[in-house]
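Trainee: Before I plan anything at the bench, I would like to go through this fold with you, one element at a time.
Mentor: Gladly; let us look at the structure together.

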Amino acid sequence: MKKASDGVQPRRPPRAGRPPLAIAGSTKAVDTAEVHERIWSAIMDHSLPPETRLVEGELCDIFGLGRTRLRQVLQRLAHERVVTLMRNRGAMVSKPSVREAREVFAARRVIEAHIVETFIKTATRKDVKRLQDHLAREDEAWRSSNRRAMLKLSGEFHLLLAEAAGSHILLELLRDLVSRSSLIIAVYQAPGASPCPPDAHRELTATLERRERAAIKLMTQHLDHLCEDLMLEERSETGVDLRSVFGVRQ
């Protein structure tokens, strides 16, 4: 499998020619959810590399938000672990280390093998149907080249398995790990690489439907491939002009 992306959350990359959001002085109210979407997407598609400073004043001017509302957006991004808030220094795009990346996937390997084993023993037909319906949404995201949806749905597939397994503790642990995986993939996947079709999830679902223990091995292999396809090496990042990413005042 080539260049898969199993991350969450934990959202559509900015497209060429897309107009900037409403700015100060505009009669249109600015939607903080859209601002969150724009920043999150810019991080996920490499437009904002790790350690990019997110200067509050500049972002307020770009998006037409007051500082209080912008900080709400940044707090949400920090909760999702894609932004780091620094005391008296503002915010910057988070940068998971190579060691953290390897540890996250190692932890997922152990937890998700157990989740699959439990699913085989306890899942209902309704649980399997939920996975199949989810695969249809993954296929649609792939066909439409919607990277935002690919990332989100790919991570959610793993959370659906955890929900069906019935362990609230493991589900919460996995939510955190999948959220971290989203950023790790965005940071260390080769620039320009596209997420792969959801073939691995489809094969895994078919094996789970047959209640075969081979699904455990398929899951660990799937996670190993995800990690192996990343360019896990430390590298420095250059500065980014926020206005060139999000547009300029009009």
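Trainee: In what order do the three strands stand in the open sheet?
Mentor: Bear in mind that this is a predicted model. The pairing in the sheet is antiparallel, and the order of the three strands is 1-3-2.

Trainee: Why is one side of strand 1 and of strand 2 left without a neighbour in the sheet?
Mentor: Strand 2 is joined to strand 3 (residues 90–93) by four bridges, and within this antiparallel pair Leu-85 lies opposite Ala-91. Helix 3 (residues 67–79) packs on the sheet and touches strand 1, strand 2 and strand 3. Strand 1 (53–54) and strand 2 (83–86) each have one side without a neighbour because both stand at the edges, each with a single partner strand.

Trainee: Which helix gives the most residues to the largest nonpolar core?
Mentor: This core has 69 residues, and among those that touch the most other members are Ile-39, Ile-43 and Phe-246. Leaving aside residues up to four places away in sequence, Ile-43 touches Leu-48, Val-82, Val-83, Val-93, Leu-183 and Ala-186. The helix that gives the most to the core, with eleven residues, is helix 7 (residues 168–188).

Trainee: Which helices are included in what covers the buried residues of helix 9?
Mentor: Helix 9 (residues 214–228) has 15 residues and reaches 21 Å from its first C-alpha to its last, close to the 21 Å expected. Its buried residues include Ala-215, Met-219, His-222 and Cys-227. The cover over the buried residues of helix 9 includes helix 4 (98–122), helix 6 (147–165) and helix 8 (199–209).

Note on methods: Residues numbered from 1 in each chain as written. Predicted model: local features only at pLDDT ≥ 70, side-chain atom pairs only at ≥ 80, totals over all residues. Heavy atoms only, no water. Core = buried A, V, L, I, M, F, W, Y, C linked by side-chain atoms within 4.5 Å. Buried < 20%, exposed > 50% of the residue type's maximum accessible area, 1.4 Å probe, protein only. Helix = DSSP H or I, 4+ residues; strand = E, 2+ residues; numbered from the N terminus. Contact = heavy atoms within 4.5 Å. Expected span 1.5 Å × (residues − 1). Pairing = 2+ DSSP bridges. Axes fitted to C-alpha atoms, helices over the stretch in contact; angles between N-to-C directions.
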